[in-house]
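Biologist: Please show me the model, and let us then discuss its packing and its strands.

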Amino acid sequence: MITAQEALSRLLEGNQRFVMGVQDKSALPTQSRRHELLAGQRPFAVVLGCSDSRAPLEMIFDQGLGDLFVIRVAGNIVAPSQIGSVEFAVEQFGTPLVVVLGHSNCGAVKATLAELERPTKNQSPNLKSIVDRISPAVATLVETKPELTSEALMPHAIRANIRASVNQLQRDSVILERLVEQDKLLIVGGEYCLKRGLVEIFDQQHD
């Protein structure tokens, strides 16, 4: 298995191909590749991303069958089932890298800002569970930047939500925390720009 930094470089190189509109032909799904994977999988990265139809993770990173262990959920939130999925991948396959990937103009983050500004009556409890997981990080921004409109807060809120998910993965899993401490796992946050097609990996502690 490659190292976490090598895995991250491979993802970013694939994203550059995606931005330029050049696809790696080896990433194309073929019958031989499908048959090869019948024996098992060895994904080199886990990507926890948003369910937004404009952000298909394998395409964004120009990767093929068996390359990525993908988890998608609205708002790229972290709940026990997502943590368990990540734990499964890193333990079962030795995957060295986890990327939490948010994206510009995220509808779940926008809905959370709207809910904080004007709470909805009789909101679906299932939708509320998503908003409730995004709210803590976003609410702090609303409190500390009262001069900003919801639109101006969006870029900050998106990154705050990504960082919160990265931190939660490390904080709420003994397995992941131990692997990070042993330098066997790297967990990073990133943002995908819908307009440019570019992924930016950023330090979770600084904007």
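Modeller: A polar contact here is a pair of N or O atoms within 3.5 Å, where one must be able to donate a hydrogen and the other to accept it. Please note that this is a predicted model.

Biologist: With which side chain does the side chain of D67 make a polar contact?

Modeller: D67 is placed in the loop between α3 (57-60) and β2. Leaving out residues up to four places away in sequence, D67 touches R33, P43, F44 and A45 as well as R10. One of these contacts is polar and joins two side chains at 3.4 Å; the partner of D67 is R10.

Biologist: Is D67 buried or exposed?

Modeller: The cut-off for buried is under 20% relative accessible area. The relative accessible area of D67 is 12%, so D67 is buried.

Biologist: Which helix supplies the largest share of the largest nonpolar core?

Modeller: The largest nonpolar core has 37 residues, and V86, V98 and L169 have the most contacts inside it. At least two residues of this core come from each of several elements, including β1 (45-49), α4 (80-93) and α7 (150-171). The largest share is eight residues, and the helix that supplies them is α7.

Biologist: Which residue of β5 is the bridge partner of G189?

Modeller: Strands β4 (residues 186-192) and β5 (residues 199-202) run antiparallel and are joined by four bridges. Their hairpin has six residues between the strands, and G197 there takes a positive phi near 80 degrees. In β5, the bridge partner of G189 is F202.

Notes: Residues numbered from 1 in each chain as written. Predicted model: local features only at pLDDT ≥ 70, side-chain atom pairs only at ≥ 80, totals over all residues. Heavy atoms only, no water. Pairing = 2+ DSSP bridges. Core = buried A, V, L, I, M, F, W, Y, C linked by side-chain atoms within 4.5 Å. Buried < 20%, exposed > 50% of the residue type's maximum accessible area, 1.4 Å probe, protein only. Contact = heavy atoms within 4.5 Å.
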